[in-house]
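These are my notebook entries on one structure, written down in the order in which I looked things up. I begin with charges over rings and then move on to strands, cores and single residues.

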Amino acid sequence: MLVSRTALAQTAAGSFQSVSGQVQVQRSGGATIGAASGVGVNVGDRIITGANGHAVIILNDQSRLELGPGSSITLDQFALGGGPTRVSLFSGVMRSLVSAASGGAPANYQVHTPNAVAAVRGTKFDTAYSENVIRSGYQGCEKYTDVSVYQGTVNLANIGSTTTGEDVHAGYEATVPCDKPPTDGGPLSMTGAVSLESANAGGAQFTGAAPGSSAAPVPSCPVCVDMTTGTTR
């Protein structure tokens, strides 16, 4: 059965829990409204935050989407009862706190960016997408998808090869540069991947070397302990 885009736009998916700064909702029918606490979010809506914008959306399955500044997403699919949820991230950063499907089954939740897919096997993670940015160690590449995982596991893959993704575990982050495979995971806040915290702090620019490159070998653990001194590093 074919469903028109106008009909999709009328499918309720959740609502805004909190909004600060400039946040707009572009309905698929063409109308643009200002977001505010309690305003509904429908399938097909595009949500855009300004340079100082921040928004928290609670979906009807109690999953939570938190948008940082300068972000743009579209809620492409949503269904209660274990159906698939798909969000497209076109710019900025979004934190996903995903509820399990009914009966405790794994959540069927994906975040798509222009060059990558992040498929959930966990519950809490950040996805960031940036363009026209030069990062050290990635010669000739100016677009990046970053994933930072706080709980569970997320499979990160290039959008052109979704069957050969990299599992990123809790405590790690990884990057898909341009049309390349994902990098090996590195400890959170150590590889230069953009996260919600770094974006909120205004530090969404890459400052480190490429994870997994000769300039930055991937550490073997999220927190390493020096057995001689007993200190962490």
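**Charges over rings**

I looked first at Arg-46, which lies over the face of Phe-90 at 4.2 Å from the ring centre. I count a charge as sitting over a ring if NZ of Lys or CZ of Arg is within 6 Å of the ring centre and within 35 degrees of the ring normal. I then found the charged end of Arg-135 over the ring of Tyr-144, 4.1 Å from its centre.

I note here that the model is predicted, that local features need pLDDT of at least 70 and side-chain atom pairs count only at pLDDT 80 or more, while totals for chains, interfaces and linings use all residues. Residues are numbered from 1 along each chain as its sequence is written, and side-chain values use heavy atoms, with hydrogens and water left out.

**Aromatic pairs**

I counted two aromatic pairs, taking rings of Phe, Tyr and Trp (its six-membered ring) as paired if their centres lie within 6.5 Å, and calling planes under 30 degrees apart stacked, over 60 edge-to-face and the rest tilted. The rings of Tyr-109 and Phe-125 have centres 6.3 Å apart and planes at 75°, so I entered this pair as edge-to-face. Tyr-109 lies in strand β10 and Phe-125 in strand β12 (residues 124-131), so the pair ties together parts that are 16 residues apart in sequence; strands (E, at least two residues) are DSSP runs, numbered from the N terminus. Tyr-109 is buried, with a relative accessible area of 3%, and Phe-125 counts as buried at 0%; buried means under 20% relative accessible area, exposed over 50%, and partly exposed in between (1.4 Å probe, protein chains only).

The pair of Tyr-138 and Tyr-144 is edge-to-face too, at 5.4 Å centre to centre and 70° between the planes. I found both Tyr-138 and Tyr-144 buried.

**Nonpolar cores**

I next looked up the nonpolar cores, meaning sets of buried Ala, Val, Leu, Ile, Met, Phe, Trp, Tyr and Cys residues joined through side-chain atoms within 4.5 Å. The largest has 35 residues, and those with the most contacts inside it are Phe-16, Ile-47, Met-94, Tyr-109, Phe-125 and Leu-156. Apart from it lies another core, of five residues, among them Val-93, Ala-128, Val-194 and Leu-196. For Met-94 I listed the residues it touches (contact means heavy atoms within 4.5 Å), leaving out those up to four places away in sequence, and they include Leu-65, Ile-73, Val-87, Tyr-109, Val-111 and Phe-125.

**Strand β11 and its partners**

How many residues of β11 are buried? I found five of the five buried, so β11 is largely enclosed by the rest of the structure. Ala-116, Ala-118 and Val-120 cover one side, and Val-117 and Ala-119 the other. I count two strands as paired if DSSP finds at least two bridges between them, and β10 and β11 pair in the antiparallel sense over four bridges, with His-112 opposite Val-117. A hairpin of two residues joins β10 to β11. β11 also pairs with strand β14 (residues 153-158), antiparallel and over five bridges, and there Ala-118 stands opposite Leu-156.

**Asn-115 and strand β16**

I went on to Asn-115, in the loop between β10 (109-113) and β11 (116-120), and found it buried at a relative accessible area of 2%. A polar contact is a pair of N or O atoms within 3.5 Å; within protein, one must be able to donate a hydrogen and the other to accept it, and residues adjacent in sequence count only if both atoms are side-chain atoms. Polar side-chain atoms of Asn-115 lie 3.1 Å from the backbone oxygen of Val-176 and 2.9 Å from that of Cys-178.

Val-176 led me to strand β16 (residues 172-177), where six of the six residues are buried. β16 pairs with strand β13 (residues 143-151) in the antiparallel sense over five bridges, and Val-147 has Ala-174 as its bridge partner. Two bridges join β16 to strand β17 (residues 186-187), again antiparallel, with Tyr-172 partnered by Pro-187.

**Gly-40**

My last entry concerns Gly-40 in strand β4 (residues 40-42), which is partly exposed at a relative accessible area of 28%. Not counting residues up to four places away in sequence, Gly-40 touches Gly-14, Ser-15, Arg-27 and Asp-45.
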